[in-house]
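Let's walk through a small protein together, one step at a time. Have a look at the sequence and the model, and then read on.

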Amino acid sequence: MKLRLNGELRETPALTTVADLAAWLGLPAFGSAIELNGEVIRRADHPTTPLKEGDRMEVVRLVGGG
């Protein structure tokens, strides 16, 4: 499957949901956000939000510091 991930076209395994994408990327349970085609997806909706060929994803990881 091909997805545009943070502006870059990427070939991925056959991912079916946003939760699959998060797991494939190794995202932590907290401290990250995923936007699908311009809409931020709530973490509770990750397992039920489907992915399709050509989707545009933006993934942001929060970083703390001082």
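Two residues are in contact when they have heavy atoms within 4.5 Å of each other. Helices (H or I, at least four residues) and strands (E, at least two) are DSSP runs, numbered from the N terminus. This is a predicted model, in which local features need pLDDT of at least 70, side-chain atom pairs count only at pLDDT 80 or more, and totals for chains, interfaces and linings use all residues. Residues are numbered from 1 along each chain as its sequence is written, and side-chain values use heavy atoms, with hydrogens and water left out.

Start with the overall plan. The protein chain has 1 helix and 5 strands, and along the sequence they follow the pattern β-β-α-β-β-β. Its radius of gyration, taken over C-alpha atoms, is 12 Å, close to the 11 Å that the globule rule (2.2 Å times the number of residues to the power 0.38) gives for 66 residues, so the chain is as compact as a globular protein of that length.

Now find the sheet. Two strands pair if DSSP finds at least two bridges between them. The 5 strands form an open sheet with mixed pairing, in the order β2-β1-β5-β3-β4. β2 (8-11) and β4 stand at the edges with a single partner strand each, so one side of each has no neighbour in the sheet. Further in, β1 and β5 run parallel and are joined by 2 bridges, with R4 opposite R56 in β5. β3 (residues 32-36) pairs with β5 (residues 56-61) in the antiparallel sense over 5 bridges, and S32 has R61 as its bridge partner there. β3 is also joined to β4 (residues 39-40) by 2 bridges, again antiparallel. The hairpin of β3 and β4 has 2 residues between the strands, and in it N37 takes a positive phi near 50°.

Which side chains of β3 point to the buried face? They are S32, I34 and L36, while A33 and E35 point to the other face and are not buried. Here buried means under 20% relative accessible area, exposed means over 50%, and partly exposed lies in between (1.4 Å probe, protein chains only). In a regular strand the side chains alternate between the two faces of the sheet.

The helix α1 has its own buried residues, V18, L21 and A22. They cover an arc of only 100° around the axis (judged by the directions from the helix axis to the C-beta atoms), which puts them on the same side of α1. These buried residues pack against β1, β3 and β5. Just after α1 comes G26, with a positive phi near 70°.

Helix and strands meet in a nonpolar core, a set of buried Ala, Val, Leu, Ile, Met, Phe, Trp, Tyr and Cys residues joined through side-chain atoms within 4.5 Å. The largest one has 13 residues, and L3, L21, I34, L36, L51 and M57 have the most contacts inside it. β1 (2-5), α1 (18-25), β3 and β5 each supply at least two of its residues, and the largest share, 3 residues, comes from α1.

Finally, look at R43 in the loop between β4 and β5. R43 counts as partly exposed because its relative accessibility is 35%. Leaving aside neighbours within four places in sequence, R43 is in contact with P28, A29, F30, G31 and S32.
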